[in-house]
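The following account leads the reader through one structure, from a single helix residue to the sheet and the ligand. The sequence and coordinates are shown first.

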Amino acid sequence: MGHVRINPSILAADFVNMQSEVQRIRTADLVHVDVMDNHFVPNLTFGPQMVGRIQDVSPIPLDVHLMIDDPDRWAPGYAELGAYSVTFHAEAAHDPVALARKLRAIGARAGIAVKPGTGVERYLDLLEEFDQVLVMTVEPGFGGQSFMPETMPKLQALRAAVEARGLDVWLQVDGGITEETIVTAAAAGADTFVAGSSVFRGEPAERIAALRDAASAH
Ligand code: DX5
Ligand code: ZN
């Protein structure tokens, strides 16, 4: 396994103290920012104005995860405000390849996400179009849910395709990642790990280091 990335999700942070919360995770790789619109998922977080302010004060770059309808319309705005990566859902996008090309043209990494029930077969031949693929390991919408091991065959298929074609596409998991489940996800081929409650529940710097160790040691 090459470099392991740990991206804490600020969905589990204290929303009214976001500036100090992002400081607590500065030893991580990227800040994972969950944008929810109460339509694609039954929960609501924040939009571009808040994400722009987080970007202004964050010591590390932003990994934006859009759980919203019509990302074709809204995702480019997050790239324009300077997000390092912008990931939209396959289930919501009208033209995923065109959208990914637009995000890359603006200068962001382009990511595509799939819910637990969505297959990845149709994207295996399109992997060159994306910088990262996010396999949801819980149903999107809420933090604190249990990891779904039945999603692991999708990671194995993605990892095999990435290796066979010599691509540099990050394979990300999100939901229920702990020091135990991260080992399962790393073994299945993930290299980028989103963790919300397991990071913010404890001392974030310690939890980030422990997750990094567990993923590297698998
Ligand atoms: C869920 C979000 C996740 C969430 C993960 O829809 O996409 O990023 O914050 O939270 P935990 O790590 O608590 O499962
Ligand atoms: Zn997320």
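Apart from neighbours within four places in sequence, Ile106 makes contact with Pro76, Ala79 and Glu80. The residue belongs to helix 4. In this predicted model, Ile106 is classed as partly exposed because 18 other C-beta atoms lie within 10 Å of its own, whereas a buried residue would need 20 or more. Another residue to consider here is Leu81: the C-alpha atoms of Ile106 and Leu81 are 9.8 Å apart in space, with a separation of 25 residues in sequence.

Helix 4, which spans residues 96–106, lies across strand 4 (85–89) and strand 5 (109–114), and runs at about 150° to strand 5. Of these strands, strand 4 is mostly covered, with 5 of its 5 residues buried. The cover extends to both faces: Ser85, Thr87 and His89 are buried on one side, and Val86 and Phe88 are buried on the other. Strand 4 also pairs with strand 3 (residues 62–67) in the parallel sense, over 4 bridges. Within this pairing, Thr87 of strand 4 is the bridge partner of His65.

These strands are part of a wider arrangement. An open sheet is formed by 8 strands in the order 1-8-7-6-5-4-3-2, with parallel pairing. Strand 1 (5–8) and strand 2 occupy the edges and have a single partner strand each, so one side of each has no neighbour in the sheet. From one strand to the next, the twist averages 25°. At the edge formed by strand 1, 4 bridges join this strand to strand 8, and the two run parallel. Ile6 is placed opposite Phe193 of strand 8.

Helix 6 also packs on the sheet, where it touches strand 6 (132–136) and strand 7 (170–174); the direction of helix 6 makes about 170° with that of strand 7. Helix 6 (residues 152–164) has a further partner in helix 7 (residues 181–188): the two axes come within 8 Å and cross at roughly 35°. Met152, Leu155 and Gln156 of helix 6 make this contact with Thr184, Ala185 and Ala188 of helix 7. Its composition by class is 4 nonpolar residues, 2 polar residues and no charged ones.

Attention now turns to the loop between helix 1 (18–24) and strand 2, where Thr27 is found. Is Thr27 buried or partly exposed? With 15 other C-beta atoms within 10 Å, Thr27 is partly exposed, because the count falls between the limits of 12 or fewer for exposed and 20 or more for buried. Leaving out residues up to four places away in sequence, Thr27 touches Ala205 and Ile208. Thr27 and Glu206 are separated by 179 residues in sequence, yet their C-alpha atoms are 9.6 Å apart in space.

Which residues are the closest to ligand 1? Ligand 1 is surrounded by 21 residues, of which Ser9, Leu11, Gly143, Gly196 and Ser197 are the closest. At least two residues of this shell come from each of strand 2 (31–36), strand 8 (192–195) and helix 8 (197–200). By class, the shell consists of 7 nonpolar, 12 polar and 2 charged residues.

As for the confidence of the prediction, the chain has a mean pLDDT of 97, and 99% of its residues reach 70 or more. For the complex, the predictor reports an ipTM of 0.99 and a pTM of 0.98.

Technical notes. Residues numbered from 1 in each chain as written. Chains lettered and ligands numbered in written order. Predicted model: local features only at pLDDT ≥ 70, side-chain atom pairs only at ≥ 80, totals over all residues. Near = placed C-beta within 6 Å. Nonpolar A, V, L, I, M, F, W, Y, C, P; charged D, E, K, R; others polar. Axes fitted to C-alpha atoms, helices over the stretch in contact; angles between N-to-C directions. Contact = placed C-beta atoms within 7 Å. pLDDT = per-residue confidence, 0-100. Pairing = 2+ DSSP bridges.
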